[in-house]
Amino acid sequence: ILNEYQHYMMKEIFEQPKAIEETLLGRLTPHGVNLPELESIWDEESVKRLRKIYIVASGTSYHSGLLGKKVIEQFLGIPVEATFSSEFTYNHQPSNEPSLVIVLSQSGETADTLSALRQAKQSGCPVIAITNTAGSSIARKADSTIYTKAGPELAVASTKAYTSQIVALILLSIWLAKKGDGPGTSHIRSLVDSLECLPGDVESTLIMTQEAIDQFAQITYDQDHLFLIGRGLDYVLALEGALKLQEVAYIHADAYAAGEMKHGTMALITPGVPVIALATQESVLDKLISNIKEVKARGAFVVGISTIGDDLIGEVVDQVLFIPSTHPLLMPILAAIPLQLLAYYSGTVRGHDVDRPRNLAKSLTVE
Ligand code: F6R
């Protein structure tokens, strides 16, 4: 089954163009999104009545939830709270306002997320699940389910299920915005166009970054600490990049909102410490460049991940990796690829079993 790959993790990283293509299949229309699985429960009135959305998930799925929060808030214009499942279950205060709970779970069996789902239903909230596993407990208990079509994911670390989950969340955001006549509706066309090109862009990103990331992993493999910085959506992606490095390479990796470094973390920046600067969000590029200069001044070795055509970043970092440019809301999907590759190559060069990292399980059926 592995074909030319040595590990499932690598195979699944390279399956992402296909996983995303399958997840999009039949769901894009020229002006929006087709999600028949929601139509029987949700009409325009019920979407317009919504005052609050919760996105509830664990681990990597929580990180896609953080991205989903930003997209839904932008398009639908109502507040969205992204919460860890394990926190939601015991801290959620039911409100009288019409709310929706979206649960995300690749396996559909995570105990923390199942408990959160039950809690949501007890408080009278409708639940939409996004999962990769047909017939799973979460799919059966939710009021409606959107399936990602990533295919089975065997490596413990989630890669293709993660990016497909973000795609499904973006589809849901567009669908909700259209039904609810959200403030971002006029921008939907360009996002739909970019989604159509996404599988190809992911493919190009794999080709453009694989070799350079392999080399970078060979020189940083003996580092004990690594930092990822970014602003806005890049910060949210940095959280996922750090988690991948922790679980697969056992490197102490930490993600910081770039502007926060100077409020304490800068004390940890010593000569030679690797810092990955995610620079895919043009609207905050100037500010990010100032933050990169701050860590460079303390001797950090900075690798920038940016879009083709960005001339500014190359002047301030030690090494730059270019990835294709797409809609800003989709950039975290492309920028996730080099971070997954970095976790993979760092894990293998350090001699770890990247498919079955220590102390972890694919599906966590206890709280
Ligand atoms: C990390 C990873 C885990 C899962 C988490 C939730 O790579 O895979 O953090 O994301 O255990 O699992 P699901 O999505 O199955 O609920």
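Buried means under 20% relative accessible area, exposed means over 50%, and partly exposed is in between, using a 1.4 Å probe and protein chains only. This is a predicted model, where local features need pLDDT of at least 70, side-chain atom pairs count only at pLDDT 80 or more, and totals for chains, interfaces and linings use all residues. Residues are numbered from 1 along each chain as its sequence is written, and side-chain values use heavy atoms, with hydrogens and water left out.

**View 1. Histidine 63 and its contacts in helix 5.**
Let's start with one residue: histidine 63 lies in helix 5. Helices (H or I, at least four residues) and strands (E, at least two) are DSSP runs, numbered from the N terminus. Is histidine 63 buried or exposed? With a relative accessibility of 9%, histidine 63 counts as buried. Setting aside neighbours within four places in sequence, histidine 63 is in contact with Tyr162, Val236, Leu239, Glu240 and Leu243. Here, contact means heavy atoms within 4.5 Å.

**View 2. The largest pocket and its lining.**
Rolling a probe the size of a water molecule over the atoms shows where empty space is left. On a 1 Å grid over the protein atoms alone, a pocket is an open set of points where a 1.4 Å probe fits, with protein on both sides within 12 Å along at least five of seven lines; lining residues have an atom within 4 Å of a point. Grid points are joined across faces, edges and corners, and a volume is the space filled by probe spheres set on the points. The largest pocket has a volume of about 490 Å³. Its lining has 22 residues, and Ser58, Gly59, Thr60, Lys362 and Leu364 lie nearest the centre. Which helix gives the most to this lining? Helix 5 does, with three residues. Helix 5 (59-76), strand 5 (99-105), helix 7 (111-122) and helix 11 (233-249) each supply at least two lining residues. By class, the lining has eight nonpolar, eleven polar and three charged residues. Ala, Val, Leu, Ile, Met, Phe, Trp, Tyr, Cys and Pro count as nonpolar, Asp, Glu, Lys and Arg as charged, and the others, Gly among them, as polar.

**View 3. The second largest pocket.**
About 240 Å³ of space lies in this pocket. It is lined by 14 residues, and Thr280, Gln281, Glu282, Thr307 and Ser325 are the closest to its centre. The lining divides into four nonpolar, eight polar and two charged residues.

**View 4. An open sheet of five strands.**
Follow the strands in the order 9-8-10-11-12, with parallel pairing. Two strands pair if DSSP finds at least two bridges between them. Strand 9 (252-257) and strand 12 (319-323) stand at the edges with a single partner strand each, so one side of each has no neighbour in the sheet. From one strand to the next, the twist averages 20 degrees. Axes are lines fitted to C-alpha atoms, for helices over the stretch in contact, and angles run from 0 to 180 degrees between N-to-C directions. Strand 8 (residues 225-230) and strand 10 (residues 274-279) run parallel and are joined by three bridges. Helix 11 lies across strand 8, strand 9 and strand 10, at about 175 degrees to strand 9.

**View 5. Aspartate 181 in a loop.**
Aspartate 181 lies between helix 9 (160-180) and helix 10 (188-220). Its phi is near 55 degrees, a positive value in a residue other than glycine. Aspartate 181 is exposed, with a relative accessible area of 55%.
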